[in-house]
Amino acid sequence: MSQAEVTMGAHSGLMEEPAFRVPAKKMAMWLFIIADSATFAGCLVAYGFIRNATPDWPRPFHGITNVALMTLILLTSSLTMLFGVRHAQMGDKAKAFRWTLITAVCGIIFAVLHIREWMRMIGEGATLFHNPWGTPLFSSLFFSITGLHLLHVTGGVIALIAVALRYQGGRYGADDLEITGLYWHFVDLVWMFVVPLVYLLNLAH
Amino acid sequence: MTTAETQKNGGVGKDLIVYGCLMALAGIQFVIAYQEISASQMFVRMLIVACVEAALALLFFMHLWENRGLKWFVLIFTVAVILGMQYGWTDSFRILDGAPWAK
């Protein structure tokens with residue numbers, strides 16, 4: 001029994017229902033997602049603004065293999081996360097734990113591929129304030145937007161492992177796994193906009 | 001969500017269908033990238049596909065479909081914020097073309 005339930009006692013029936021009948025923790029995650037989507041939207045709109053206003057915008061990407069592989073892995077990780085949550089809701093702790101760890105591994109593979117992409121670009125002479133293809137704004141925006149996303153993926157992987165371990169240990173429930181899953185799906189959702197705007201629109205023809 | 005509710009809402013089969021649709025839409029974006037069209041046409045087409053992908057992920061992967069009140073709250077708030085950010089676009093065209101002040 002939670003502290004709130006002990007304090008409220010017999011008056012708990014008089015308490016107001018949670019907003020939209022969503023538990024407080026889940027609502028907090030939704031509010032975070034809404035706020036974070038505004039952050040990413042701000043970054044992408046700023047990118048679009050600068051790209052539109054800069055003549056001779058560079059198109060340095062020659063292949064799509066790496067980015068296609070990253071997309072495949074991130075989309076698949078969303079599916080494995082769903083499997084984890086479904087098993088948790090059915091009370092199958094072992095499978096829920098396993099699928100959540102598979103999701104975290106997908107996140108790690110994604111991060112490794114992402115860093116490999118960065119290293120390739122850095123090897124070609126791109127830094128945060130300079131690149132060999134034209135306006136330095138390109139690499140500033142590229143590293144900022146993809147870096148912000150990579151930061152979210154890294155945070156998500158840490159959260160997934162931490163929550164999965166606590167779930168396995170009995171300290172967290174299926175709801176906690178579901179809330180972490182919401183965050184992971186959001187990271188996937190953001191990638192759906194980053195890929196076309198930052199990578200595919202800058203593909204060399 | 002209980003086991004019965006999970007079954008009622010389509011379960012794993014629905015997840016796999018949505019995953020398949022997302023993969024197909026991602027593939028369409030890559031096809032658009034190789035089309036011989038202008039950057040603005042490419043931008044519009046890719047953005048439409050990305051919005052459809054995002055809607056599928058929100059409604060089915062994030063289960064927004066199952067909560068009507070929250071669905072409208074998220075939709076109205078997010079769309080209002082994103083529309084507000086479109087305020088500066090005309091200025092980016094001005095920087096590029098020097099119009100209308102330069103003319």
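Reading burial, contacts and a shared core

User: How many of the residues of chain A count as buried?

Analyst: This is a predicted model. A residue is called buried if 20 or more other C-beta atoms lie within 10 Å of its own. In chain A, 35% of the 205 residues meet that mark.

User: Which elements make up chain A?

Analyst: Chain A has six helices and zero strands, so read from the N terminus its elements run α-α-α-α-α-α. Its C-alpha atoms fill a box of roughly 70 × 35 × 25 Å along the principal axes.

User: What share of the contacts in chain A joins residues 24 or more positions apart?

Analyst: Two residues are in contact if their C-beta atoms lie within 7 Å. Counting contacts with a separation of 6 or more, 74% in chain A are of that kind.

User: How many residues of each chain are in contact with the other chain?

Analyst: Chain A brings 34 residues and chain B brings 39. On the chain A side, α2 (24-53), α3 (65-89) and α6 (174-199) each give at least two residues. The largest share, ten residues, is from α2(A). By class, this side of chain A holds 25 nonpolar, seven polar and two charged residues.

User: Which residues touch the most other members of the largest nonpolar core?

Analyst: A core of this kind is a set of buried nonpolar residues joined through C-beta atoms within 7 Å. The largest has 65 residues, and A:Val194 and B:Ala57 touch the most other members. Helices of both chains supply it, including α4 (93-123) of chain A and α3 (39-61) of chain B. The largest share, 16 residues, comes from α6(A).

User: Which residues of chain A does B:Ala57 touch?

Analyst: Leaving out residues up to four places away in sequence, B:Ala57 touches A:His185, A:Asp188 and A:Leu189, together with B:Leu22 and B:Met62.

Key:
Residues are numbered from 1 along each chain as its sequence is written. Chains are lettered from A and ligands numbered from 1 in the order in which they are written. This is a predicted model: local features need pLDDT of at least 70, side-chain atom pairs count only at pLDDT 80 or more; totals for chains, interfaces and linings use all residues. Helices (H or I, at least four residues) and strands (E, at least two) are DSSP runs, numbered from the N terminus. Ala, Val, Leu, Ile, Met, Phe, Trp, Tyr, Cys and Pro count as nonpolar, Asp, Glu, Lys and Arg as charged, and the others, Gly among them, as polar. A residue is buried if 20 or more other C-beta atoms lie within 10 Å of its own, exposed if 12 or fewer, and partly exposed in between; C-beta atoms are placed from the backbone.
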